[in-house]
Amino acid sequence: MSMPPVPQSTNQTPLYPWGVPQGPPEKSRVGLMVGIIGGVFLLIVALLATLVLVGKKIDSSYPRAESTLTAPGTLLDGHYKLAKDDSPRLGPPLEKSWRLSWEAKAVHGVVVAYHPSGGDRGDLVVTGMYGRFRNTAAVRSRVLAGNGSQHTEVKVIVPPMDVTPSGSRTRVSCEEVTRSWTDGKALSYPVCAWADGNTWARVAYMTVYTARSLSLESAARITLQIRSEMVKPIR
């Protein structure tokens, strides 16, 4: 004998009063994924475009490369002859030290020594670079600031000062340093530096020109003559 069906209460609340829940249609999910991927792609494109614009703006803040720093066979009307060109050996480390600088771009190092042609002792040492430089006052300051420290045998005894000769469009700063050797000998001499949009150089007068025989003002004038002989236009 079969059991009668259990009567349903008219007040019973269904588990799902609006029916069995359904997930979003498959097409909606696809559209959502496409929208997300498209948004990410547009964001990446916008970011790359911004980086390109920033890069162009930064690049335009540097002067055009129009001049280079050369190492002629003689300097100062033939009074000094090229004794050694250390650019292949010392140039790359110099370039590396400026690679992260915001003031320099596309740099090349030049390190040369000149000996008096008259047989006098000592050298005229020029350390510099060519490339694209901005904020030349800061470049000039850095060039002389690195000339002496507590970790080297070179000590600054007269701090850098602007001694640009009257009428010159290129600023020149000079200082006086003393260099000591392990045998107890020491030499005091002037050091000058210029910096323009394409070149900078530090000139150490370690020759018959000493701090006692060459004032910083005179050294600045000679430095500008050296610049006129070493800086050449790019052809």
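1. Let's start from the outside. The protein's accessible surface is about 15200 Å², and carbon and sulfur atoms make up 60% of that. Keep in mind as you look around that this is a predicted model.

2. Now for what sits inside. The protein has 235 residues, and 33% of them count as buried.

3. If you trace the chain, you'll meet 4 helices and 10 strands. Their order along the sequence is α-β-β-β-α-β-β-α-β-β-β-β-α-β, so to speak the table of contents for your tour.

4. How much of the contact map joins residues far along the sequence from each other? Take the contacts with a separation of 6 or more: 62% of them are between residues 24 or more positions apart.

5. Helix 3 is a nice one to zoom in on. This helix covers residues 136-145, and its buried residues are Val 139, Arg 140, Val 143 and Leu 144. Looking down the axis of helix 3, you'd find these buried residues within an arc of 125°, so they line one face of the helix. The background is simple: an α-helix has 3.6 residues a turn, so residues three or four places apart point the same way.

6. What covers the buried residues of helix 3? The cover includes helix 2 (87-98), along with strand 6 (154-162), strand 7 (172-180), strand 8 (186-195) and strand 9 (199-206).

7. Finally, have a look at helix 4, residues 216-230. Its 15 residues reach 20 Å from the first C-alpha to the last, close to the 21 Å expected at 1.5 Å a residue. Among the buried residues of helix 4 are Leu 216, Ala 219, Ala 220, Thr 223, Glu 229 and Met 230.

Notes: Residues are numbered from 1 along each chain as its sequence is written. This is a predicted model: local features need pLDDT of at least 70, side-chain atom pairs count only at pLDDT 80 or more; totals for chains, interfaces and linings use all residues. Side-chain values use heavy atoms; hydrogens and water are left out. Helices (H or I, at least four residues) and strands (E, at least two) are DSSP runs, numbered from the N terminus. Buried means under 20% relative accessible area, exposed over 50%, partly exposed in between (1.4 Å probe, protein chains only). Contact means heavy atoms within 4.5 Å. Accessible areas come from the Shrake-Rupley method with a 1.4 Å probe; for residues, only the protein chains shown count as cover. The arc is that of the directions from the helix axis to the C-beta atoms. The expected span of a helix is 1.5 Å times one less than its number of residues.
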